[in-house]
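Hi,

Here is the structure I promised to pass on to you. Have a look at it first, and then read on for what turned up.

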Amino acid sequence: MAFLEFTRLDERSVIEYVKSVAALSSILKLDDEGDAAEKLTVKEIGDGNLNFVFLVTNSVHSVIMKQSLPYIRCIGESWPLTKDRAYFEAMALEEQGRIAPHHVPQVYHFDPTMSLIAMRYLPPPHIILRKALIAGIQYPLLARHIAHFMANTLFFTSLLFHSTLDHKRQVAKFCGNAALCRHTEQVVFSDPYQISQYNHWTSPYLDPDAEALRHDNLLKLEIAILKSKFSEQAQALIHGDLHTSSVMVTPESTQVIDPEFAFYGPMGYDIGAFLGNLMLAFFAQDGLVDQPDHRKAYKEWILETIEDTWNLFYKNFVALWDEHRNGAGEAYLPAVYNNPEVQLLAQKRYMAELFHDSLGFGAAKMIRRIVGVAHVEDFESITDAAKRASCERKALNLAKMLLKDRAKFEGIAQIVSAIRQF
Ligand code: ADP
Ligand code: SR1
Ligand code: MG
Ligand code: MG
């Protein structure tokens, strides 16, 4: 089979496909002597919302083959979504892989006709961070690694590093991912605040809470500000879906996968996604065990990770800024920002705005996971509905407060104190 036009792959045709691509045959040593070609096995392991993921293995090596179909996997063909998202995912993986090679799986092959990416398999003990958080496993290097990933990918794709011309050229490369942005605009910034056929929540417990969102004028004013920022601000190349299921971990390794929503958007959307999902994990803990005390130490570790992630991100980002102050970046021209006082003021203002953006976007991401279309396993695996609703309500109330009052917070330690109060 030549695969000259788009074909939906299954476990059988994936093998034919792999054999037809020289780069993949070479990685799996299919042309060598022996039985490498005969011993190929394929398993569909996709557990995400959108795409199909095949693990192809033989005695030599393993390869991940991720295919996008023209609809949303977890909903079905009734919700179309362009399969071109695979193109933007491949471009983002390449770009993020250049900037943060230790934290992104290598792309082996991309086929635009088939909307198919072949990439490095992240073998066990790599697991999806969300599953690790549900299981109560600590990762001492997580904050350091993710802070490094975010600081580097965001700084090196921003106007702090690019000239304005270069920046516009880069922005243009990802402009075509508009359908994925539009999807986010709907499910994060609109649907939770209106009646939508897709919304659901732990009913009847959260019925009043969901209704209250639709009547909360202050909240609706704040979400509008964030929606505009998301749609208008081409600040940096963001991952666009950096929740805890887009991170795979071992004690030594942190890998960021699944950047199909990548585009030039506000940096705070990535930082907020990660921190907001850690907050969801925090509030789920009491529902995941019989005795709340059983996860006391683990909850403390999540809070530490929230605090360390922001603080290390801040430190890394500002260090990159200082290092490249006299480079090509045109946000703060050295000739204009020519004394230490104004440079410090510029950094403080930039980082304060980024902090408040991150809190706002993080809160919006928390809300959509409780009343919107796609929920998170952290809460969904709490089988007792009353218990689940009680955990979700705490997260929802924190998120509403953060969304409305984010400008009042001056540092991440205050956020951790606020989380403890809910
Ligand atoms: P989706 O876009 O549908 O969310 P993901 O890229 O998140 O798809 O992949 C779905 C699942 O496939 C992940 O949760 C993970 O279990 C597995 N997976 C994806 N990429 C890799 C990889 N490079 N190595 C190992 N497993 C992977
Ligand atoms: C139907 S919404 C599916 C969600 O899953 C992806 O990971 C994105 O977050 C998207 O909004
Ligand atoms: Mg995913
Ligand atoms: Mg995805």
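Pro204 sits in the loop that runs between H7 and helix H8 (207–214). The peptide bond leading into Pro204 from Ser203 is cis, with omega near 5°. Please keep in mind that this is a predicted model.

Another cis peptide bond joins Pro124 and Pro125, where omega is about 10°. You will find Pro125 in the loop between E7 and E8. While you are looking at the backbone, go to Ser115 as well: this residue has a positive phi of about 50°, although it is not a glycine. Ser115 belongs to the loop between strand E6 (107–111) and E7.

Now for the overall layout. The domain assignment divides the protein into domain 1 (11–120) and domain 2 (127–420). In the contact, 24 residues come from domain 1 and 32 residues from domain 2. Taken over C-alpha atoms, the centres of domain 1 and domain 2 are separated by 28 Å.

How much area is buried between domain 1 and domain 2? The figure is about 2400 Å², and carbon and sulfur atoms give 67% of it. On the domain 1 side, Trp79, Phe88 and His103 are good residues to display, as they supply 30% of the area that domain 1 buries against domain 2, more than any other three residues.

Charged pairs come next. In general, side chains of opposite charge can pair when their charged atoms come close. The structure holds 17 salt bridges, and 2 salt bridges are found across the interface of domain 1 and domain 2. A pair to look at is Asp258 and Lys66, whose side chains meet in a salt bridge at 2.7 Å, N to O. This pair links distant parts of the chain, 192 residues apart: Asp258 is in the loop between strand E11 (254–256) and strand E12 (263–265), while Lys66 is in strand E3.

Asp258 comes up again in the pockets. The largest pocket has a volume of about 990 Å³. It is lined by 47 residues, and the closest to its centre are Asp47, Gly48, Ile128, Ser245 and Asp258. Where does the largest pocket lie relative to the domains? Domain 1 and domain 2 both give residues to its lining, so the pocket lies between them.

Several elements supply at least two residues each to that lining: strand E3 (62–67), strand E7 (116–120), strand E8 (127–128), helix H4 (129–135), helix H7 (178–190) and helix H12 (340–371). H7 gives the most to the lining of the largest pocket, with 4 residues. By class, the lining of the largest pocket is made up of 23 nonpolar, 11 polar and 13 charged residues.

Finally, there are the enclosed spaces. The count comes to 2 cavities of 30 Å³ or more. The largest cavity has a volume of about 120 Å³. Among the residues that line the largest cavity are Leu160, Trp321, His324, Arg325, Tyr332, Tyr337 and Gln343. Its lining divides into 7 nonpolar, 4 polar and 1 charged.

The second largest cavity holds about 40 Å³ of space. Residues lining the second largest cavity include Leu275, Met279, Ser358, Leu359, Met366 and Leu402. Helix H10 (267–288) and H12 each supply at least two residues of this lining, and the largest share, 5 residues, comes from H12. In the second largest cavity the lining has 6 nonpolar, 4 polar and no charged residues.

If you would like a place to begin, try the salt bridge between Lys66 and Asp258, and then turn to the largest pocket, where Asp258 is one of the residues closest to the centre.

Happy browsing, and best wishes

Notes
Residues are numbered from 1 along each chain as its sequence is written. Chains are lettered from A and ligands numbered from 1 in the order in which they are written. This is a predicted model: local features need pLDDT of at least 70, side-chain atom pairs count only at pLDDT 80 or more; totals for chains, interfaces and linings use all residues. Side-chain values use heavy atoms; hydrogens and water are left out. On a 1 Å grid over the protein atoms alone, a cavity is a set of points where a 1.4 Å probe fits but cannot get out, and a pocket is an open set with protein on both sides within 12 Å along at least five of seven lines; lining residues have an atom within 4 Å of a point. Grid points are joined across faces, edges and corners, and a volume is the space filled by probe spheres set on the points. Ala, Val, Leu, Ile, Met, Phe, Trp, Tyr, Cys and Pro count as nonpolar, Asp, Glu, Lys and Arg as charged, and the others, Gly among them, as polar. Domain bounds come from an automatic or database domain assignment. Contact means heavy atoms within 4.5 Å. Buried area is the accessible area (1.4 Å probe) that two parts lose on being put together, summed over both. A salt bridge is a side-chain nitrogen of Lys or Arg within 4 Å of a carboxyl oxygen of Asp or Glu.
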